[in-house]
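This report concerns the open and enclosed spaces of a protein model, together with some of its strands and one of its helices. The reader is invited to follow each part in the display below.

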Amino acid sequence: MRAAILAGVCLATWLAPPARPAWTLYRSGPFDVLTNTDRRAARQVLNELEQIRHVLGQMLGRQDLMAPWPLRVVIGGKNGTAIQPALSRDSFRASLPGATLPPAWRRPAIRLLLEGAPGRLPEAFETGLVDLLSTIDVKETNIFLGAPPEVSRRTPEWARLQYLATAPEYQSRFRVILANLQQGNPFGVALRAALQLSEAELASALTGHIPAAVRYSARPLNADKDFSPRELTPELAALAEAETLLASPAHAAETRRACGALGTPEGQECLGLLALREGNAAEARRMLAAASGPRGKLELARLTRDASHAATAAALKPDWAEAYSLQAELATDGTQRAAHWKRAYSLAPRNAQYAVAAALALAEAADHRESVKAWAQAERATPDPEARQKVRAARLEADDRRLAAEGEQRQAAAEQKQRELQQVKNDSMASILRAQNKANEGLKPMDPNQKVEAWWDGPQPDARTAGVLERVDCLAAGMARLTVRSDSGKPVSLLIREPGKVVIQGKGELTLGCGPQRPPRRVSVQYFAKPDAKLATAGDAAVIDFP
């Protein structure tokens with residue numbers, strides 16, 4: 001009986017399907033590496049990616065360079081082939097059969113890291129920098145930089161960067177050269193600023209230079225100890241494999257099977273993105289209706305032209321510039337459009353198109369100061385020298401518009417202030433008149449037959465001029481100089497020596513403001529003919545009458 005039971009157990013064990021290998025995840029910085037086959041290979045891949053990030057960060061002056069999207073790499077899995085890094089559902093996805101990272105696989109990963117840098121290099125130099133890092137050799141904590149790539153990629157820009165990054169006398173200043181290139185300076189200027197070296201001198205040094213890898217400063221990492229494993233559920237592992245296949249256009253059939261087998265909203269979203277890539281817009285729209293990832297929501301917004309989906313994509317990934325750029329495209333309000341473009345270019349400072357769009361939208365919204373800032377960023381982000389000159393010209397024009405607009409604003413503010421002051425004066429005069437009328441109430445009316453005797457105890461000047469008051473110059477010690485264009489056309493300058501002793505009478509405004517009189521007013525001035533050569537006046541004003 002016991003033997004029969006043992007035989008039954010053995011038979012059941014033999015007939016049961018083999019257990020699926022457990023999945024393990026290792027994470028550091030923007031990188032996740034997942035495996036169900038070789039944990040050591042996963043740790044080595046993660047170490048190599050972190051060392052590349054470290055070296056690029058040192059070159060760009062970024063201690064902790066981060067990518068705009070996480071990069072998740074599958075080692076092994078069902079597919080077991082190399083898939084280059086590309087955007088999938090909610091991250092960049094890639095796969096490798098083992099611990100080796102081919103240069104062609106590394107390049108898109110390096111470009112993803114470059115997108116996290118603040119400035120853009122000229123395209124030829126950026127490609128040269130990617131090729132320089134694509135052949136880096138990582139042996140645990142030892143890094144060797146500078147091995148030549150394949151012959152077709154050994155451009156003049158790569159040769160210059162390889163020499164400057166590996167030559168002992170220049171290596172420490174390599175970061176300064178790249179910083180100058182990011183700021184839009186020509187290579188010759190960057191070379192001179194960083195190394196006091198001319199392009200001709202560099203060309204001479206390159207003549208006999210044989211490119212070879214040299215030891216480079218590494219990050220102190222122990223791949224076996226510094227990366228902690230995390231177990232993945234079978235469901236998350238299946239999703240990871242499906243999204244990795246989605247990153248490769250060459251694996252459409254496998255992607256369809258893997259995403260369809262998930263039976264989840266994420267799987268439906270995966271199928272929707274696949275349909276979109278295959279040009280089936282109707283199927284993509286149907287599948288993406290329940291999308292929960294930022295990319296699915298953004299593609300749904302493009303298909304439906306519904307800005308609310310783009311807003312949801314931005315909420316799911318607030319640092320994704322593309323979500324704000326689509327909101328800007330769909331916005332009907334000019335102020336909102338400008339705000340979205342401004343957000344987009346601030347999140348993606350390397351994207352010159354976003355900055356140009358922001359500059360134009362901000363100018364349309366009359367935010368000229370921010371428009372000039374956007375043009376300046378577009379100039380820095382434009383890698384082509386000829387195109388950069390056009391952007392610079394646009395920036396200068398925008399700056400002129402800003403100055404003109406600010407001048408108009410100042411003028412409008414000054415005129416508003418003058419109107420407010422005039423209103424205060426009018427209100428004061430009205431108050432005086434009301435008080436005067438009230439004081440006159442109850443007085444006995446004057447006999448119309450009574451003779452009115454002329455009476456005047458004011459000053460008795462000996463000269464008079466009449467014309468248009470053009471200007472009042474306020475002088476020291478409370479004095480003022482009047483300039484009157486007389487009826488004969490001759491300007492007459494008169495001095496108000498003691499304002500308290502000058503009589504101002506007549507109609508309208510009875511005060512004098514400094515500067516040109518706008519508009520000039522008719523005036524009659526009686527004065528004492530006392531020429532003052534020092535102040536260039538013909539006499540001292542005594543009575544000013546505005547008829």
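## Cavities and pockets

The second largest cavity encloses about 40 Å³ of space. As everywhere in this report, the value is computed from a predicted model. The residues that line the second largest cavity are Arg120, Leu121, Pro122, Leu181, Gly184, Arg380, Ala381, Thr382, Pro383 and Arg388. Sorted by class, five residues of this lining are nonpolar, two are polar and three are charged.

How many cavities of 30 Å³ or more does the structure hold? There are two. The largest cavity contains about 50 Å³ of space. Its lining consists of Phe31, Leu49, Ile52, Leu101, Trp105, Arg106, Ala109, Ile110 and Leu113. Eight residues in the lining of the largest cavity are nonpolar, none is polar and one is charged. Two helices, α2 (39-60) and α3, each contribute at least two residues to the lining of the largest cavity. The largest share, five residues, belongs to α3.

Pockets are treated next. The largest pocket has a volume of about 710 Å³. It is lined by 31 residues, and those closest to the centre of the largest pocket are Pro68, Trp69, Glu115, Trp320 and Ala348. Several elements each supply at least two residues of this lining, namely β4 (83-87), α3 (103-114), α15 (321-330) and α16 (334-347). Helix α15 provides the largest share of the lining of the largest pocket, with five residues. Helix α3 therefore belongs to two descriptions: it supplies at least two residues of the lining of the largest pocket, and at least two of the lining of the largest cavity.

The second largest pocket holds about 560 Å³ of space. Among the 18 residues that line the second largest pocket, Gln418, Gly513, Pro516, Gln517 and Arg518 lie nearest its centre. Helix α19 (385-440) and strand β14 (515-528) each give at least two residues to the lining of the second largest pocket. The contribution of α19, seven residues, is the greatest to that lining.

The table sets out the volume and the lining classes of each space.

| Space | Volume | Nonpolar residues | Polar residues | Charged residues |
|---|---|---|---|---|
| Largest pocket | about 710 Å³ | 17 | four | ten |
| Second largest pocket | about 560 Å³ | six | seven | five |
| Largest cavity | about 50 Å³ | eight | no | one |
| Second largest cavity | about 40 Å³ | five | two | three |

## Strands and hairpins

Strand β14, which supplies at least two residues to the lining of the second largest pocket, also takes part in strand pairing. Strand β10 (residues 463-474) pairs with β14 in the antiparallel sense, over nine bridges. In this pair, Leu469 is placed opposite Arg521 of β14.

Strand β10 has a further partner. It is joined by seven bridges to strand β11 (residues 480-486), and the two run antiparallel. Here Val472 stands opposite Leu482 of β11. Strands β10 and β11 form a hairpin with five residues between the strands, and in this hairpin Ala477 adopts a positive phi near 60 degrees.

Another hairpin involves β4, an element that supplies at least two residues of the lining of the largest pocket. Strand β4 pairs with strand β5 (residues 92-96) through three bridges, in the antiparallel sense. Ala86 lies opposite Arg93 of β5. The hairpin of β4 and β5 has four residues between the strands.

## Helix α10

Which residues of helix α10 (residues 252-262) are buried? They are Thr255, Ala258, Cys259 and Leu262. These residues lie on the same side of α10, because they cover an arc of only 95 degrees around the axis. Arg257 and Ala261, by contrast, are exposed on the other side of α10.

Against what do the buried residues of α10 pack? Their packing partners are the helices α9 (234-246) and α11 (265-277). Just after α10 comes Gly263, which takes a positive phi of about 65 degrees.

Technical notes:
Residues numbered from 1 in each chain as written. Predicted model: local features only at pLDDT ≥ 70, side-chain atom pairs only at ≥ 80, totals over all residues. Heavy atoms only, no water. 1 Å grid on protein atoms, 1.4 Å probe; cavity = no way out; pocket = protein on both sides within 12 Å on 5 of 7 lines; lining within 4 Å. Points joined across faces, edges and corners; volume = space filled by probe spheres on them. Nonpolar A, V, L, I, M, F, W, Y, C, P; charged D, E, K, R; others polar. Pairing = 2+ DSSP bridges. Buried < 20%, exposed > 50% of the residue type's maximum accessible area, 1.4 Å probe, protein only. Arc of directions from axis to C-beta. Contact = heavy atoms within 4.5 Å.
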